[in-house]
Amino acid sequence: MSGFIEQDQWKSFLDEFSKRNQLRATRLEVVGELGDQQEEEHLPLVGVSFETRGTAAGNVEVILGGEGPADERRVDHIISNVRRIAPLIGVTGFEDGLGFEDQEGGKTLLLFERLPELPEATTEGRDAASTLA
């Protein structure tokens, strides 16, 4: 990861990042000793926050999915003792996600997914339309 955000900017950066990218489809991956583990795929981004106080100070929380804690599609992922945060910028210049590194060297990637687009018409619809013409 390169282009790291300065630690004193983490809270404001993550707040703005969350606003800009709210509800975008995501994929969350944890890279560690066991290799690349996918935590979820296609859940919408609710928000990313940095905790500055209390026993959770230094942790980042990534919230994906449903609107409330009771929603089964909801994922709350905590990254403890974050050391570095880097925006992931794609070849088009747009944000493709975020990379996090913890004190032990573990990495977590929050990546934005492109959902498949629906075709203009189904094959059956096109065939039916051509026979009507």
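Helices here are DSSP runs of H or I at least four residues long, numbered from the N terminus. With that settled, I placed N21 in helix α1. The model I am reading is predicted.

**Entry: N21**

I looked up whether N21 is buried or exposed. N21 has 2% relative accessibility, and it counts as buried because the cut-off for that class is under 20%. I then listed its contacts, leaving aside neighbours within four places in sequence. N21 is in contact with L45, E95 and F112.

**Entry: confidence**

I checked how far the coordinates can be trusted. The protein averages a pLDDT of 85, and 81% of the residues score at least 70. Among the elements, α1 has the highest mean pLDDT, 97. Helix α2 (residues 123-132) has the lowest, 52. Where pLDDT is low, the predicted coordinates should not be read in detail.

**Entry: salt bridges**

Side chains of opposite charge can pair when their charged atoms come close. I asked how many salt bridges the structure holds. The structure holds seven. I examined several of them in turn.

*K19 and E16.* The side chains of this pair meet in a salt bridge, at 3.8 Å from N to O. Both residues lie in helix α1 (residues 10-21), and because they are three residues apart there, about one helical turn separates them. I compared their surroundings as well. K19 counts as exposed at 63% relative accessibility, whereas E16 is partly exposed at 40%.

*R74 and D76.* I found a salt bridge here with the closest N and O atoms 3.0 Å apart. D76 is partly exposed, its relative accessible area being 41%.

*E101 and R84.* In this salt bridge the closest N and O atoms are 2.7 Å apart. The pair links distant parts of the chain: E101 belongs to strand β6 (residues 95-102) and R84 to strand β5 (residues 82-89), with their positions 17 residues apart in sequence. I noted that E101 is buried, with a relative accessible area of 5%. R84, by contrast, is partly exposed at 32%.

*R27, E29 and E113.* I asked which residues are joined into one network by salt bridges that share partners. R27, E29 and E113 form that network.

**Entry: summary**

I return to helix α1, the element with the highest mean pLDDT. Helix α1 holds the buried N21 and also the K19 and E16 pair. For the bridge between strands β5 and β6, I record R84 and E101 as the partners.

Methods: Residues are numbered from 1 along each chain as its sequence is written. This is a predicted model: local features need pLDDT of at least 70, side-chain atom pairs count only at pLDDT 80 or more; totals for chains, interfaces and linings use all residues. Side-chain values use heavy atoms; hydrogens and water are left out. A salt bridge is a side-chain nitrogen of Lys or Arg within 4 Å of a carboxyl oxygen of Asp or Glu. Helices (H or I, at least four residues) and strands (E, at least two) are DSSP runs, numbered from the N terminus. Buried means under 20% relative accessible area, exposed over 50%, partly exposed in between (1.4 Å probe, protein chains only). pLDDT is the predictor's confidence in each residue, from 0 to 100. Contact means heavy atoms within 4.5 Å.
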